[in-house]
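Here is a short report on two buried sites and the nonpolar cores. Read it alongside the model.

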Amino acid sequence: MSEDPIASGGKKTSGDLETAELDAVYHQLATSPKGLTTAQAQQRIEKYGRNELVDKEASDLEKFLRFFWGPIAWMIEAAAVLSLLMGHWSDLAIILVLLFYNAISGFWQERKASDALAALKAGLAPKATALRDGKFTSMGADEVVPGDVLRIKLGEVVPADVRFIDGDYISIDQAALTGESLPVSKKIGDVGYSGSIAKMGEMSAVVIGTGNNTFFGRTARLVASAGGGASHTQKATTQIGDFLIFTSVVLCTILVGFNIYHDIVAPTAWQWSELADIARMVLVLLIASIPVAMPSVITVTNSLGAQQLAKKKAIVSRLEAIEELAGVDVLCSDKTGTLTKNILSLGDPILFGATTADQLILAGALASETDSEDAIDKAVIGGLKGPKALDGYKVTEFVPFDPVSKRTEGQVTDAKGKTLRFTKGAPQVILDLCKPDAITAAKADKTVADLAANGMRALSVAESEDDGKSWNFLGILSMLDPPRDGSKETIKRAKEHGLRVKMVTGDDVAIGNQISSQLGMGSHLIAASDMFTKDMDMSHLPARITECVDKADGFGRVFPEHKYGIVRALQDRGHVVAMTGDGVNDAPALKQADCGVAVSGATDAARAAAALILTAPGLSTIIDAIDESRRIFERIINYIMFRVAMTLDIMFVVVLATLFFGFSPLTPVMIILLALLDDIPIMTIAYDNTPSPKQPVRWQMQRLLFVSGFMGAMAVAQTFGLLLIGMEWLSNPQWQSWITLTRDQLQTAVFLQIVAGGHLLLFVMRARCSFFQPPWPARPLFLAVVGTQIFAVLMCGFGWFVTALPWTVIGLIWLYLLGWMLILDWIKLSLYGRLRDAAEHPRWYTRFLQSRHPSHSVASP
């Protein structure tokens with residue numbers, strides 16, 4: 001049985017059908033130049049599906065359930081189960097509310113970002129003209145099937161992969177697929193790719209591949225195989241959760257061991273109440289170890305940051321991209337249409353027979369169509385001094401460019417009535433037409449070679465005054481796709497932000513080198529085909545390849561799989577990579593990159609694969625986005641350091657109080673209230689005034705946990721100091737005669753100290769400088785903290801949910817806290833000073849503090 005050429009996963013479409021003789025193509029597709037009948041087309045739609053890309057996405061339920069999986073979610077769920085077993089229904093209710101709040105908040109924010117991206121998507125090619133039942137009919141592009149005969153005209157999008165079968169000439173712009181700057185001329189038998197655009201001419205073509213079995217679809221499959229791993233943020237959150245779980249387990253073990261040891265030393269009859277007491281202490285410690293609002297704070301901070309990015313013309317498709325963008329140190333940028341205008345312009349004309357540059361450009365313009373969409377014609381006509389330069393000439397005949405003759409020709413009549421012919425085209429073709437002497441031919445060949453070495457295209461021009469019997473070689477026009485306005489300044493700003501910028505282009509290396517040098521990006525571009533072999537596994541690249549990619553300034557002659565491999569190679573070298581692009585050929589690398597950036601005017605495929613979508617032209621927007629993302633990242637780091645320090649404070653105080661004094665200083669309800677009062681107002685940290693670091697920032701967990709742990713130890717000293725004073729107060733009759741204090745009131749005092757001391761600690765840790773120096777806390781953050789503290793004071797003073805405290809004690813606690821705030825600020829400055837000294841003068845402990853990438857800015861301290 002013969003293999004179905006269409007159902008074979010695209011193998012024959014990408015191989016046999018692209019290269020076979022047209023008669024063989026008709027035979028394999030069971031069609032003819034007369035097209036299909038409506039019945040045949042309907043059968044093929046039912047058998048092979050519509051001409052559209054099929055996306056496989058997780059269901060909303062699956063996306064929602066993901067928020068119940070992970071270290072922090074497990075900790076919350078374990079506390080809920082323990083509360084259920086012990087019958088602590090109020091604790092269980094509050095814990096479940098927090099668990100579902102985290103899940104619903106995270107799901108809602110991701111859904112909003114997903115909807116924003118869906119709003120940007122459009123059809124690949126909305127309409128097509130197919131030969132059905134013997135006549136051409138307009139229809140939706142999704143109705144096109146293999147074997148259809150299409151009519152493709154100027155300005156239309158090619159709706160499927162095709163072979164051209166009839167017509168004189170067509171020029172196809174496939175820059176979005178292959179990265180080629182100029183439209184490609186097609187003749188009968190050539191292949192046209194889905195998603196490319198007809199710029200000139202009109203031809204008929206037979207469809208050889210639709211949907212996922214097109215060049216576009218195969219690129220989409222490569223996109224689907226890219227990326228997919230956990231983000232750096234997810235990994236960091238997991239590490240923090242693991243650290244807190246480990247600490248909690250150790251402290252629980254100490255608590256349980258202490259109680260067992262106590263029973264062995266002073267044995268008593270075992271009571272279920274004792275088991276309940278141990279379980280209650282474990283529950284208190286477990287709840288204390290859970291940074292319940294951390295996922296929500298991170299999500300809300302990222303979400304508000306995404307809104308700020310949207311105001312800067314950058315739409316986030318996934319929130320994790322914000323932190324990834326903050327850590328980017330290598331920016332891979334597509335050339336055509338991104339760094340350049342994708343519009344050809346004339347360079348300096350090289351004169352041979354012409355006497356002036358204007359004469360040479362005028363001759364080239366007279367061999368062009370004035371209303372043409374052809375990039376070369378537009379560039380030549382654009383080089384004229386003014387629109388009236390052609391007024392003295394009347395075009396009587398014009399022969400358009402075709403891939404066989406490789407030139408255009410115009411017959412004109414000048415103001416004196418004289419008939420002239422002008423032609424422009426490939427240098428060798430024009431030289432053969434003019435038949436110059438050997439010296440002129442050699443000079444022309446050298447000129448063309450020199451232009452090519454400088455990345456410029458050459459276009460020769462000639463004139464005939466005897467109706468084409470003899471031709472005079474006038475000269476050579478140099479052409480270049482110029483950089484976008486502001487691209488050089490953008491590259492400079494990128495370098496100032498600690499970014500290495502690498503050009504990635506489908507054009508030749510010489511052309512890439514020229515643009516790269518003009519923009520200050522370096523001139524060491526290499527051909528991707530020289531590094532990546534056809535059968536190379538891009539997911540496991542040799543060390544020599546990754547090193548070569550790392551050292552290069554950019555890459556030329558790049559295909560989609562090469563771009564994907566370039567990103568993988570840079571990631572293997574430890575870089576956080578951003579890939580900017582606008583075409584289908586960029587999509588796999590955009591998906592694989594840590595932060596894929598689809599520039600303004602990008603194709604649907606590029607937008608769907610990207611994490612960040614720019615709606616303003618050029619690259620300048622991305623630098624603004626990097627600035628904002630680093631501020632957002634700093635706010636999240638400030639919150640996490642505060643949260644880890646306070647979690648350690650609560651856990652260790654609970655354990656130390658149990659070991660030394662035999663009672664828990666906090667109840668489970670107090671701990672949950674602490675989470676609410678500490679974290680919900682802290683969500684306004686998303687608005688905080690935070691400077692943007694000048695270098696890429698990353699999750700450096702050793703440093704972050706070291707600083708958090710150190711400041712947490714200071715917070716433990718502060719809280720335990722208050723507890724010691726309270727225990728002394730309870731046992732001192734003289735103090736009790738002044739103000740009576742009970743153990744329940746001591747619990748309230750510790751509760752108030754942690755609520756107020758936590759927010760004061762945040763003010764201390766939110767900046768690397770002294771608290772008394774700018775940047776000052778943002779107004780929303782400051783008001784949220786002040787409001788929370790007023791509520792906490794009233795709650796403790798009037799006994800809402802806790803035992804009431806005398807107002808005098810509340811005042812003394814605040815004096816105690818303000819004194820400690822000054823001490824903590826001094827300790828913080830000393831710690832950061834020591835860390836800077838360690839970086840400048842390494843000692844034995846530097847290995848502990850340094851990250852795996854010491855060249856990057858330290859996000860935490």
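## Thr247 and its distant partners

Thr247 lies in helix 10 (residues 232-265). Helices (H or I, at least four residues) and strands (E, at least two) are DSSP runs, numbered from the N terminus. Thr247 has a relative accessible area of 10%, so it is buried (under 20% relative accessible area; exposed is over 50%, partly exposed in between; 1.4 Å probe, protein chains only).

Leaving aside neighbours within four places in sequence, Thr247 is in contact (heavy atoms within 4.5 Å) with Leu648, Met651 and Phe652. Thr247 and Phe652 are 405 residues apart in sequence. Their C-alpha atoms are 9.5 Å apart in space.

## Basis of the model

This is a predicted model: local features need pLDDT of at least 70, side-chain atom pairs count only at pLDDT 80 or more, and totals for chains, interfaces and linings use all residues. Residues are numbered from 1 along each chain as its sequence is written, and side-chain values use heavy atoms, with hydrogens and water left out.

## Nonpolar cores

A nonpolar core is a set of buried Ala, Val, Leu, Ile, Met, Phe, Trp, Tyr and Cys residues joined through side-chain atoms within 4.5 Å. The largest has 136 residues. Leu612, Ile640, Leu666, Trp699 and Phe751 have the most contacts inside it. Helix 26 (residues 620-661) gives the largest share of this core, 21 residues. Another core lies apart from it, with 32 residues, including Met536, Met538, Tyr564 and Met579.

## Ser171

Ser171 is found in strand 4 (residues 161-173). Ser171 counts as buried because its relative accessibility is 2%. Beyond neighbours within four places in sequence, its contacts include Pro183, Val184, Ile197 and Met200.
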